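Take a walk through this protein chain with the sequence at hand. The route goes from the whole chain to single strands, helices and residues.

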Amino acid sequence: MLRRETDLVGNDIYIGETMFENSNVTRLIPYAVARPEGWLQTERSQFPEEGCVFSVDPKVVRKPQGHVVLFTMEVNSRSPGRDRYITVETEEPYEIFDLLNESGPVELRNTLIDKGVRRYSQEEPRIIIPFSDGKCAFPRMQRIGTAPAWTLSYQEELDRVGLYATHQDGFGWIEIEGRKFVLPGRQPKDLVGWVNWQKDGEFLQVLLKRIRKSANLRPGTDDFKLNDQTVRRLTALYRDADIINDHEGANVAALERLGEFLSKLSSETTAVAEIVDALLNHTDILQRLIEVSEEEMNALRLREIERVRPEIVRQVEEEISDRRTALDTLRTDAAQIEQELSRKSDELNRVEGLVEGGLATLRTGLGAFAIDIRETGRILSEVKEFAGVGREATTPSPTLTTTVAFAAAPWTMDVSSPGLPISLDELPARARAASKAFGLTEDQIRRLDIFCRAGEIPRISGDSAERLLDGYAGVVASGHLVRMPLDPTTLGPNDLWRQSSTGAPTPFAEAWTAAVEDPAKVRLVCLDDLDRASLSDWFGRFQILFRAKRPANLLVVATLSPPIAANSDDKSAQGLDTQVIANGARASFAAAVMKGGANASPPSHVESPILRIVGAEERKTLLEKLHTAADCGGDVGLRLVAIYAAARSWLDEDPASEFALSTVSKKAGSKIGGQSGGAIGGLAANAQNDWKRTS
């Protein structure tokens with residue numbers, strides 16, 4: 001409970017309000033932090049990145065904008081987002097309603113009993129009503145139906161509402177949008193008195209019941225008339241502190257109320273006495289009053305009950321109907337969740353069966369392969385021994401002594417250049433300029449860019465593959481390109497992360513780590529000679545894991561050893577289902593002569609974010625098209641949205657969705673950019689006839 005300036009473990013308590021209404025998450029705008037001397041206003045810069053605090057607490061999600069709440073917070077350990085802090089504990093604050101000073105005691109009672117006080121979206125009955133003599137009340141309250149108004153609870157005894165001593169330093173309140181909220185630790189604790197909040201009619205009935213015990217109220221007597229003598233009897237009754245109610249505090253509360261009531265009664269006693277005398281002097285009225293019996297009073301009471309019963313029944317039935325509707329909605333949601341869980345369970349069982357079969361095949365193949373490796377190692381050892389490799393060297397010939405300046409081959413190393421920062425909107429124009437400078441087509445560099453930023457691993461082949469790589473690296477990564485050659489010893493994903501001979505990190509692993517440590521910089525990695533590695537058992541699964549786990553700023557491409565067929569039968573099964581063919585030797589040659597190639601324009605790099613945000617309506621439209629066009633298993637839906645988001649930098653909404661659908665679906669065949677985009681393996685870009693245009 002947030003009842004002090006800090007919580008039980010010493011965490012600071014903040015006060016703020018919600019930014020928006022959402023069923024799963026919300027963000028809070030902090031205004032102040034609680035201190036023993038009062039609220040201390042906070043600055044938005046204390047809560048990076050945007051001056052807000054993230055929350056998934058059920059107490060505040062689904063609350064409308066402007067819902068005021070107390071909260072403690074901690075560092076947000078979730079995936080990187082806009083808010084560095086997340087709430088730990090939340091609670092509603094006490095709100096001050098200065099009704100007595102604003103409207104007087106009569107209007108205060110009417111507001112609390114009939115009209116209600118407006119509390120907007122607050123759910124807890126935490127209301128404090130201050131009095132002028134250092135006292136206050138925080139009675140039990142209840143909501144009026146679904147309206148944001150609160151009245152006194154039926155559990156509150158109106159003839160004796162408790163009064164408490166105000167904190168010696170006051171409430172320390174803070175004002176938010178015209179509303180006042182109490183500082184934690186300033187809530188009243190000590191009971192010091194009582195107050196009577198009964199309506200005038202109820203209070204008068206209590207008084208008359210007490211007078212009947214000590215006065216002669218038969219018709220015709222002086223006490224039967226409401227006059228100055230009756231008022232004096234009431235005054236004497238409470239002067240002598242005679243008991244009216246047996247409950248503790250009722251007499252004290254009624255005594256204070258009587259002072260207010262008597263002043264009003266005394267000012268009107270003359271007029272009331274004249275009216276009463278006139279009524280009682282009328283024979284018919286007097287006779288009727290005498291004839292009213294207890295049975296008639298009971299009958300009147302029963303008729304009143306029957307009159308109000310239909311309205312009460314209607315209200316109860318409406319409440320029950322609302323509750324039943326909510327219950328039906330919850331049952332429907334639960335049924336849908338159960339169906340989704342069942343479907344996911346079936347998919348998991350199917351994947352486990354496939355994995356088990358694949359592992360069995362892998363174990364069988366690795367057994368025979370391990371024997372071949374050991375035999376090859378033995379032969380290599382004999383060759384090394386025969387050639388004298390590894391022995392202590394004799395004095396070498398001075399003419400054969402050289403110094404190696406690089407730890408790795410220089411053609412595989414990163415090229416360092418700061419480059420010009422460009423936004424996502426500037427990317428297509430820069431890429432088009434680079435494609436012309438390198439003698440390539442816009443379609444080639446566009447497809448490569450869309451696949452890379454969408455998290456795919458596109459394969460590049462053709463006589464201008466290296467120029468396409470250099471041009472694209474100069475656009476998105478300031479010319480930085482990390483190369484990692486593959487060979488037949490690349491047997492699985494672990495060989496992409498660790499060198500099998502030394503256990504040292506590979507260039508791919510180093511680029512991944514650098515991308516995680518510096519999310520603002522794009523890293524471009526090329527897996528060279530992908531077809532030389534053994535891919536049939538693992539590369540397709542690796543692509544799914546790569547798309548799910550990669551840093552957003554890590555882009556990966558692959559090259560194939562020339563010559564290679566453009567449409568190999570087993571490429572889709574191996575995960576090589578996004579191909580870009582860069583054939584344009586003559587055009588590339590002309591570009592190198594006429595435009596300077598890589599030197600035609602300074603390098604640049606794309607600033608974060610590198611993908612557009614896809615709205616909910618766009619996602620819904622894409623997934624509906626996918627559902628009608630192809631099977632939706634695996635991560636096809638995620639691939640579709642990612643490729644669409646990358647394509648929207650180049651294309652309008654409809655062409656971008658067609659491009660994404662044609663990439664992930666074998667059934668959605670359509671012509672995009674002048675090429676067939678139906679089969680997954682058919683995404684090729686031929687630039688061999690660009691000689692005239694480039695020249």
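What follows starts with the overall make-up and then moves through selected regions.

The model is predicted. Its protein chain contains 18 helices and 25 strands. Of the 695 residues in the chain, 39% are buried. The chain exposes about 39600 Å². Carbon and sulfur atoms supply 54% of that area. Now consider contacts between residues at least 6 apart in sequence: 70% of them join residues at least 24 apart.

Begin with strand 2, which covers residues 26-35. Threonine 26 belongs to this strand. Is threonine 26 buried or exposed? Its relative accessible area is 1%, and the cut-off for buried is under 20%, so threonine 26 is buried. Its contacts, leaving out residues up to four places away in sequence, fall in several stretches of the chain. They include Thr18, Met19 and Phe20. Val53, Phe54 and Ser55 also touch threonine 26, as do Val60 and Val61. Phenylalanine 54 sits 28 residues away from threonine 26 in sequence. In space, the two C-alpha atoms are 6.3 Å apart.

Next comes strand 5, residues 68-75. Here 6 of the 8 residues are buried, so the strand is largely enclosed by the rest of the structure. Strand 5 pairs with strand 1 (residues 14-18) in the antiparallel sense, over 4 bridges. Isoleucine 15 has leucine 70 of strand 5 as its bridge partner. Strand 5 also pairs with strand 6 (residues 85-91). That pairing is antiparallel too and has 6 bridges. Within it, phenylalanine 71 stands opposite threonine 90 of strand 6. As a general point, side chains in a regular strand alternate between the two faces of the sheet.

Move on to strand 12, residues 149-152. Which strands pair with it? One is strand 8 (residues 117-118), which is antiparallel to strand 12 and joined to it by 2 bridges. The bridge partner of arginine 118 is alanine 149 in strand 12. Another is strand 11 (residues 141-143), which runs antiparallel to strand 12 and shares 3 bridges with it. In this pairing, arginine 143 stands opposite tryptophan 150. Strands 11 and 12 form a hairpin with 5 residues between them. Glycine 145 in that hairpin takes a positive phi near 60 degrees.

Threonine 151 also lies in strand 12. Why does threonine 151 count as buried? Its relative accessibility is 7%, and buried means under 20%. Threonine 151 touches a run of residues from Leu112 and Ile113 through Asp114 and Lys115 to Gly116. Its other contacts are Arg140, Met141, Gln142 and Ile144, again leaving out residues up to four places away in sequence.

Farther along the chain, look at helix 8 (residues 427-437) and helix 10 (residues 465-476). Their axes are 9 Å apart, and the helices pack at an angle of about 150 degrees. Angles over 145 degrees count as roughly antiparallel, so helix 8 is roughly antiparallel to helix 10. Their crossing is right-handed. From helix 8, the contact involves Leu427, Arg430, Ala431, Ala434 and Ala437. These meet Arg467, Gly471, Val475 and Val476 of helix 10. In general, an α-helix has 3.6 residues a turn, so residues three or four places apart point the same way.

Now find the open sheet of 5 strands. The strand order is 19-20-21-18-22, and the pairing is parallel. Strand 19 (482-485) and strand 22 (579-581) stand at the edges. Each has a single partner strand, so one side of each lacks a neighbour in the sheet. On average, neighbouring strands are turned by 25 degrees against each other, direction ignored. Strand 18 (residues 459-461) runs parallel to strand 22, and 3 bridges join them. Isoleucine 460 has valine 580 in strand 22 as its bridge partner.

Finish with helix 12, residues 507-517. Which of its residues are buried? They are Phe508, Ala509, Ala511, Trp512, Ala514 and Ala515. These buried residues pack against three strands of the open sheet: strand 19, strand 20 (523-528) and strand 21 (554-559). They also pack against helix 11 (494-497) and helix 13 (539-549).

Methods: Residues are numbered from 1 along each chain as its sequence is written. This is a predicted model: local features need pLDDT of at least 70, side-chain atom pairs count only at pLDDT 80 or more; totals for chains, interfaces and linings use all residues. Side-chain values use heavy atoms; hydrogens and water are left out. Buried means under 20% relative accessible area, exposed over 50%, partly exposed in between (1.4 Å probe, protein chains only). Contact means heavy atoms within 4.5 Å. Two strands pair if DSSP finds at least two bridges between them. Axes are lines fitted to C-alpha atoms, for helices over the stretch in contact, and angles run from 0 to 180 degrees between N-to-C directions. Accessible areas come from the Shrake-Rupley method with a 1.4 Å probe; for residues, only the protein chains shown count as cover. Angles under 35 degrees count as roughly parallel, over 145 as roughly antiparallel, 65 to 115 as roughly perpendicular and the rest as oblique. A crossing is left-handed if the near helix is turned anticlockwise from the far one by less than a right angle, and right-handed if clockwise.
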